[in-house]
Amino acid sequence: EPVDELVPVVNFVSSSCTSPLSPPLLGPTLRAEESPSVGSHDHAAGSCRPCAFLHTKGCVTGSACKFCHLCSPDDRKRRLKERFKERQQVTKARKERQKAS
């Protein structure tokens, strides 16, 4: 089987979906056609985007969904917090540079 058709799956016992900042914990691999959604293919690389509906009211798009169905329910919220903190740091650094000028 070609390697590019396999999608590594994160081990949910030890980790939730990873961000680009932390390496993924790989578990068993799935064939691309066995992936729960189209958006889940990038899960192991940490570049997927969690599906906002899967763990709440359910995703009506199913396997055609462009968002990841392998991420845990907390991943979306965690990623939003990370982005918010990064933006705060950039804004703070920008203000400090303006004061120094």
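**Close-up views of a predicted model**

A search of the whole structure, which is a predicted model, finds two salt bridges.

**View 1. Asp 75 and Arg 78 form a salt bridge in helix α1.** The closest N and O atoms of Asp 75 and Arg 78 are 3.0 Å apart. Helix α1 spans residues 75-100 and contains both partners, which are three residues apart, about one turn of the helix. The two residues can be described by their accessibility: Asp 75 counts as buried, at 1% relative accessibility, whereas Arg 78 is partly exposed, with a relative accessible area of 25%.

**View 2. Arg 78 and Glu 82 meet through their side chains in a salt bridge.** The N to O distance for this pair is 2.8 Å. Arg 78 and Glu 82 are four residues apart in helix α1, and so are separated by about one helical turn. Glu 82 is partly exposed, its relative accessible area being 26%. Side chains of opposite charge can pair when their charged atoms come close.

**View 3. A network of salt bridges links Asp 75, Arg 78 and Glu 82.** Arg 78 takes part in the salt bridge with Asp 75 and also in the one with Glu 82. Within this network, Asp 75 is buried, while Arg 78 and Glu 82 are partly exposed.

**View 4. Ser 37 is a buried residue in the loop between β2 and α1.** Strand β2 covers residues 26-31. The relative accessible area of Ser 37 is 2%. A polar contact of 2.7 Å joins the side chain of Ser 37 to that of Ser 40. The side chain of Ser 37 also reaches the backbone nitrogen of His 69, at 3.4 Å. When neighbours within four places in sequence are left aside, Ser 37 is in contact with Gly 62, Ser 63, Cys 65, Phe 67, Cys 68 and His 69.

**View 5. Cys 51 and Cys 59 are not joined by a disulfide.** The cysteine sulfur closest to that of Cys 51 belongs to Cys 59 and lies 3.8 Å away. This separation is too far for a bond, because a disulfide requires the two sulfur atoms to be within 2.5 Å. Cys 51 counts as buried, at 7% relative accessibility. Cys 48 likewise counts as buried, at 3% relative accessibility. The structure as a whole holds zero disulfides.

Note on methods: Residues are numbered from 1 along each chain as its sequence is written. This is a predicted model: local features need pLDDT of at least 70, side-chain atom pairs count only at pLDDT 80 or more; totals for chains, interfaces and linings use all residues. Side-chain values use heavy atoms; hydrogens and water are left out. Buried means under 20% relative accessible area, exposed over 50%, partly exposed in between (1.4 Å probe, protein chains only). A salt bridge is a side-chain nitrogen of Lys or Arg within 4 Å of a carboxyl oxygen of Asp or Glu. Helices (H or I, at least four residues) and strands (E, at least two) are DSSP runs, numbered from the N terminus. A polar contact is a pair of N or O atoms within 3.5 Å; within protein, one must be able to donate a hydrogen and the other to accept it, and residues adjacent in sequence count only if both atoms are side-chain atoms. Contact means heavy atoms within 4.5 Å.
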